[in-house]
Structure formats: C-alpha cells, structure tokens
Amino acid sequence: MLNTAIKAARRAATVINRASFDLDRITISEKNHNDFVTDIDQASEQAIVETLLKAYPDHAILGEESGPTANLNDDSEYVWIIDPIDGTTNFMHGYPNYCISIALQQRGVITQAVVYDPVRNDLFTATKGAGAYLNEKRIRVRNPDRINKALIGSGHGADPRALAEYLRMYEVVAARCHGVRSSGSAALELANVAAGRVDGYYEKGLKIWDIAAGSLLVTEAGGIVGEFSGESEYLNKGDIIAAGPKVFAGMVQVLKPFA
C-alpha cells in the first residue's frame, strides 16, 4: 500500500513539475477568500486517484478537490486521504514550497503516509509501527529540552477572521522560542518536524487532508501530535501541535489559552 501511494505521488509530481515551467498557463479559481484551486490541483488529484483505485478499486477516497467517493461512510475500512498540492498559493506564485500529501486511514487509524516535495525531490514516508523515513533514511524529531531552544513552524488559514488570533499566538510563541517560520504548507512543515528541520509546528483550522500524512510522520519519528489542549482529536478538530515530547509540553503550555 505504501509503494502504491509513492507511485501515485510520483505520478502527480510529474503533472505538477510540468506545469511549474509555465505558470502563466494554469487556470486559477478562488474557492473562498484567499483559498485557491488550480487546474493542476485537479489534474494532480486525478492522477493520484486513478493510481490508487487501479490497485485498490474497493477503497474509499477523500480528496481535497473531488471530495468523498460514493462508498465513503462510517463503515469504510480503507480510506485514502489526499491533498494533491498542499501549498497551492505558493505553487501558483512560483514559490518553491509545496507538496503532495497522501495518507491511508484504516478503521479510523492513519497507517500509511507519503509527503512528497517535488521541488527538492524529498520523499517522506511512514508506516504505522515501522518508523518514518526521508528518501529511505530513518528520521527522528529533534527534542530540545526547552521551548526557548526551539525553532517553530506555523501558519494561518485563508479566513481573514483567523488572522487576529494567529497574530496573538505568534506573539506569545515568538517570545518563548528561537524563531517562528511560516511556509504555507502544513503537510510539509509536519514532515520537517519529523525530519528535525524544525522543532515544532502549530496551526488552527486545518482540514484532515492537510495533516493526516504529516501527523503519522511525526509520531513515527518519535514526536507527539495533539490539539492545543494536548488532547488527540486533532484530525477531526483541525487544530494541531506537533513536536518532540519536551517541546510539545512547552507549546501546549503556551497555546492552551487558544484551544
């Protein structure tokens, strides 16, 4: 199943990379304020879905652009959760920070994860219970002993009403750590936590396709993922903190008032 997801991600990357050479030709639509979709998002998702369903025709699909397949329900044993381009705004501006995110949810538990960065050719993978990898090399989260030694990733959604709260969160986190970075791709930031490139990540108002694959990468790399309260319903709620154990504890302490 993981190999099939990798194959699907590479097929999608071919679509994305080809389009990235001539961004003036892509078609852009605005779903909501500052929330965009391009024809390349849709073509990427189609390539992923075709690859997955060719191998597993009975599996259900939940895609950011195409939505749920007809066979997705509470009894679905296997559900593929897809974000064909996480970081669409970056992609359409030619800012080289976006990725493909594919996760498999089995009986409600994320068991397989692929996050593929087509710009850097970085392939992050994880299977539940078997560790997390970057380009086939095992990765681990960094775990500074205090949040004030950490570099933290963050982001905010397209809803302008969320901006004021984000700025308040930024103020309290930035005062407690080495720095805060916002890259515009939640899935890629979670992968970076898993790889030890940043020490933690937080964001509110995300969708399950933004975080399903990345959350498994973090936990399989030795990190902790939870809501701002520290509880574990982040896939449903969409508010997430991810970090090594010590930094996670410090982030919850700082961000719990925003839960």
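Lys-204 lies over the face of Phe-228, 5.6 Å from the ring centre, and that is a nice place to start a tour of this predicted model. The chain holds eight helices and 15 strands. Its radius of gyration is 17 Å, close to the 18 Å that the globule rule gives for 259 residues, so the chain is as compact as a globular protein of that length. Below you will find the overall picture, then the sheet, some buried residues, the aromatic rings and two loop residues.

**Overall picture**

- Along the principal axes, the C-alpha atoms of the chain fill a box of roughly 45 × 40 × 35 Å.
- Of the 259 residues, 55% count as buried.
- The chain exposes about 11800 Å², and carbon and sulfur atoms supply 47% of that area.
- Take the contacts between residues at least 6 apart in sequence: 62% of them join residues at least 24 apart.

**The eight-stranded sheet**

- Eight strands make an open sheet with mixed pairing, and their order is β4-β3-β5-β6-β7-β8-β9-β10.
- At the edges stand β4 (67–68) and β10 (137–138); each has a single partner strand, so one side of each is left without a neighbour in the sheet.
- As a reminder, strands of a sheet pair through backbone hydrogen bonds, either parallel or antiparallel.
- Strands β5 (residues 78–86) and β6 (residues 99–106) run antiparallel and are joined by seven bridges.
- Within this part of the sheet, Asp-86 stands opposite Cys-99 in β6.

**Two buried residues to look at**

- Ser-101 belongs to strand β6, and at 1% relative accessibility it counts as buried, because buried means under 20%.
- Neighbours within four places in sequence aside, Ser-101 is in contact with Ile-81, Ile-82, Asp-83, Val-114, Val-115, Ala-187, Trp-209 and Ala-213.
- Ile-48 is found in helix α2 (residues 39–55) and is buried, with a relative accessible area of 0%.
- Again setting aside neighbours within four places in sequence, Ile-48 is in contact with Ala-8, Ala-12, Ile-82, Pro-84, Ile-100 and Ile-102.
- Ile-82 is worth selecting in your viewer, as it is among the contacts of Ile-48 and also among those of Ser-101.
- Ile-48 and Arg-10 are 38 residues apart in sequence, and their C-alpha atoms are 8.8 Å apart in space.

**Aromatic rings and charges over them**

- A search of the whole structure finds three aromatic pairs; two of them are described here, beginning with Phe-91 and Tyr-98.
- A pair of aromatic rings is described by the distance of the centres and the angle of the planes.
- Phe-91 and Tyr-98 form an edge-to-face pair, at 5.3 Å centre to centre with 80 degrees between the planes.
- Both Phe-91 and Tyr-98 are buried.
- Tyr-166 and Tyr-170 form a tilted pair, at 6.3 Å centre to centre with 45 degrees between the planes.
- Why are Tyr-166 and Tyr-170 separated by about one helical turn? They are four residues apart in helix α4 (residues 163–174).
- Tyr-166 is buried, with a relative accessible area of 8%, whereas Tyr-170 counts as partly exposed at 34% relative accessibility.
- Arg-10 lies over the face of Tyr-116, at 5.1 Å from the ring centre; Arg-10 is also the residue whose C-alpha is 8.8 Å from that of Ile-48.
- The opening example belongs to this group too: Lys-204 over the face of Phe-228.

**Two asparagines with positive phi**

- Asn-121 has a phi near 55 degrees, a positive value in a residue other than glycine.
- Where is Asn-121 found? It is in the loop between β7 (109–117) and β8 (122–127).
- Asn-121 is partly exposed, with a relative accessible area of 44%.
- Asn-135 has a phi near 50 degrees, a positive value in a residue other than glycine.
- The loop between β9 (132–134) and β10 is where Asn-135 is found, and at 36% relative accessibility it counts as partly exposed.

Key:
Residues numbered from 1 in each chain as written. Predicted model: local features only at pLDDT ≥ 70, side-chain atom pairs only at ≥ 80, totals over all residues. Heavy atoms only, no water. Phe/Tyr/Trp six-rings, centres within 6.5 Å; stacked < 30°, edge-to-face > 60°. Buried < 20%, exposed > 50% of the residue type's maximum accessible area, 1.4 Å probe, protein only. Lys NZ or Arg CZ within 6 Å of the ring centre and 35° of its normal. Rg over C-alpha atoms; globule rule 2.2 N^0.38 Å. Contact = heavy atoms within 4.5 Å. Areas by Shrake-Rupley, 256 points an atom, 1.4 Å probe, with all protein chains shown as cover. Pairing = 2+ DSSP bridges.
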